[in-house]
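Here is a short set of exercises with worked solutions to try with the model open in your viewer. Have a go at each task before you read on.

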Amino acid sequence: MPLNFGKAEFVRSAAGAEQFFWDGLPQFAFAGRSNVGKSSVINRLVGRKNLAYVGSSPGKTTQINYFSVDRRAYLVDLPGYGYAKVSRAEKERWGRLMECYFQEARMTAGVLIVDIRHKPTADDVTMHSWFRETGCPELIVANKLDKLKRSQVEPALALIRGTLELGEGDVLLPFSAEKGTGKEELIGLLNAACES
Ligand code: GDP
């Protein structure tokens with residue numbers, strides 16, 4: 001039976017490896033630079049306005065948030081990266097946390113959110129390589145589709161594909177957290193990742 005994303009709740013936060021948990025249920029790890037709309041994508045998936053925290057003080061939190069979905073899987077909200085005003089200490093904390101998380105690397109799928117309007121940043125490329133190294137399926141979500149004119153979409157997707165060196169089989173999904181475009185496709189892909 002497909003997961004009911006409408007049945008989602010916050011479970012806990014983890015600021016260090018000792019607070020990670022792997023209980024055997026599938027985990028979908030969501031990553032993206034600050035302000036890319038990661039919280040908005042998660043909120044859109046679960047059909048709630050503010051399950052994941054949207055907006056103010058991007059980059060301020062260096063913790064991982066776990067949300068259960070249908071009590072059968074978890075959305076794992078990895079802390080955003082690339083926010084210019086973050087202190088060096090906070091960047092280092094972020095790096096250590098990610099290193100620990102990816103070392104354990106037991107996620108069922110990774111969701112990398114990029115901004116459809118821009119060439120992926122060096123940090124996006126790094127995050128993409130970390131997901132690749134885990135060997136788990138990776139879904140690339142190109143968010144803020146509603147901000148582009150129709151004629152701009154294909155060139156934008158081509159730039160993302162090229163920068164991330166995506167192959168034929170890699171998933172790049174145009175998405176709008178604002179409008180809901182791509183929601184059902186993403187839910188379908190996450191369900192498929194659980195079954196494979
Ligand atoms: P996060 O820092 O990655 O969690 O980003 P947020 O979810 O807080 O979103 C950052 C800003 O982008 C907010 O002002 C959102 O309203 C806006 N935003 C997020 N997704 C979209 C989208 O698909 N389209 C548009 N137009 N704005 C979006």
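**Exercise 1. Packing of helix 1**

Find the elements that the buried residues of helix 1 pack against, and list which residues of the helix are buried.

*Solution.* Keep in mind that this is a predicted model. Start with the partners: the buried residues of helix 1 pack against strand 1 (8–14), strand 2 (27–32), strand 4, strand 5, strand 6 and helix 5 (183–195). Next, look at the coverage: seven of the nine residues of helix 1 are buried, and the helix is mostly covered. Those buried residues are Lys38, Ser39, Val41, Ile42, Asn43, Leu45 and Val46. Finally, step past the end of the helix, where Gly47 follows with a positive phi near 65°.

**Exercise 2. The ligand shell**

Describe the residues that surround the ligand, then pick out atom pairs between protein and ligand.

*Solution.* Count the shell to begin with: 17 residues surround the ligand, and Asn35, Lys38, Ser39, Ser40 and Asp146 are the closest. Then sort by class, which gives three nonpolar, eight polar and six charged residues. By element, helix 1 (residues 38–46) supplies the largest share of the shell, three residues.

Now turn to distances from oxygen atoms of the ligand:

- Ser39 places a polar side-chain atom 2.5 Å from a ligand oxygen.
- Ala177 has a backbone N or O atom 2.9 Å from a ligand oxygen.
- Val36 has a backbone N or O atom 3.3 Å from a ligand oxygen.

To finish, consider area: the ligand taken alone exposes 580 Å², and the protein buries 79% of that.

**Exercise 3. Asp77 and its surroundings**

Decide whether Asp77 is buried or exposed, and find the side chain with which its own side chain makes a polar contact.

*Solution.* First place the residue: Asp77 belongs to strand 4 (residues 73–77). Its relative accessibility is 6%, so Asp77 counts as buried, the cut-off being under 20%. For the polar partner, look at Lys38, whose side chain makes a polar contact of 2.5 Å with the side chain of Asp77. Widen the view, leaving aside neighbours within four places in sequence, and the contacts of Asp77 are Phe30, Lys38, Ile42, Ala52, Gln63, Ile64, Asn65 and Phe67.

**Exercise 4. Strand 3 and its partners**

Work out which strands pair with strand 3, in which sense, and which residues lie on each of its faces.

*Solution.* Take the pairings one at a time. Strand 1 and strand 3 are antiparallel, with six bridges, and Glu9 has Ser68 as its bridge partner in strand 3. Strand 4 also runs antiparallel to strand 3, joined by five bridges, and here Tyr66 is matched with Val76. Strands 3 and 4 form a hairpin with three residues between them, and Asp70 in the turn has a positive phi of about 60°.

Now for the faces. In a regular strand the side chains alternate between the two faces of the sheet. In strand 3, Ile64, Tyr66 and Ser68 lie on one side and Asn65, Phe67 and Val69 on the other, and all are buried.

**Exercise 5. Why is strand 6 largely enclosed?**

Explain why strand 6 (residues 138–143) is described as largely enclosed by the rest of the structure.

*Solution.* Check burial residue by residue: six of the six residues of strand 6 are buried, so the rest of the structure largely encloses the strand. Glu138, Ile140 and Ala142 point one way, while Leu139, Val141 and Asn143 point the other way. Then add the pairing: strand 5 (residues 109–115) and strand 6 are parallel over six bridges, with Gly110 opposite Glu138.

Conventions:
Residues numbered from 1 in each chain as written. Predicted model: local features only at pLDDT ≥ 70, side-chain atom pairs only at ≥ 80, totals over all residues. Heavy atoms only, no water. Near = heavy atom within 4 Å. Polar contact = N/O pair within 3.5 Å; in protein donor to acceptor, adjacent residues only side chain to side chain. Areas by Shrake-Rupley, 256 points an atom, 1.4 Å probe, with all protein chains shown as cover. Helix = DSSP H or I, 4+ residues; strand = E, 2+ residues; numbered from the N terminus. Nonpolar A, V, L, I, M, F, W, Y, C, P; charged D, E, K, R; others polar. Buried < 20%, exposed > 50% of the residue type's maximum accessible area, 1.4 Å probe, protein only. Contact = heavy atoms within 4.5 Å. Pairing = 2+ DSSP bridges.
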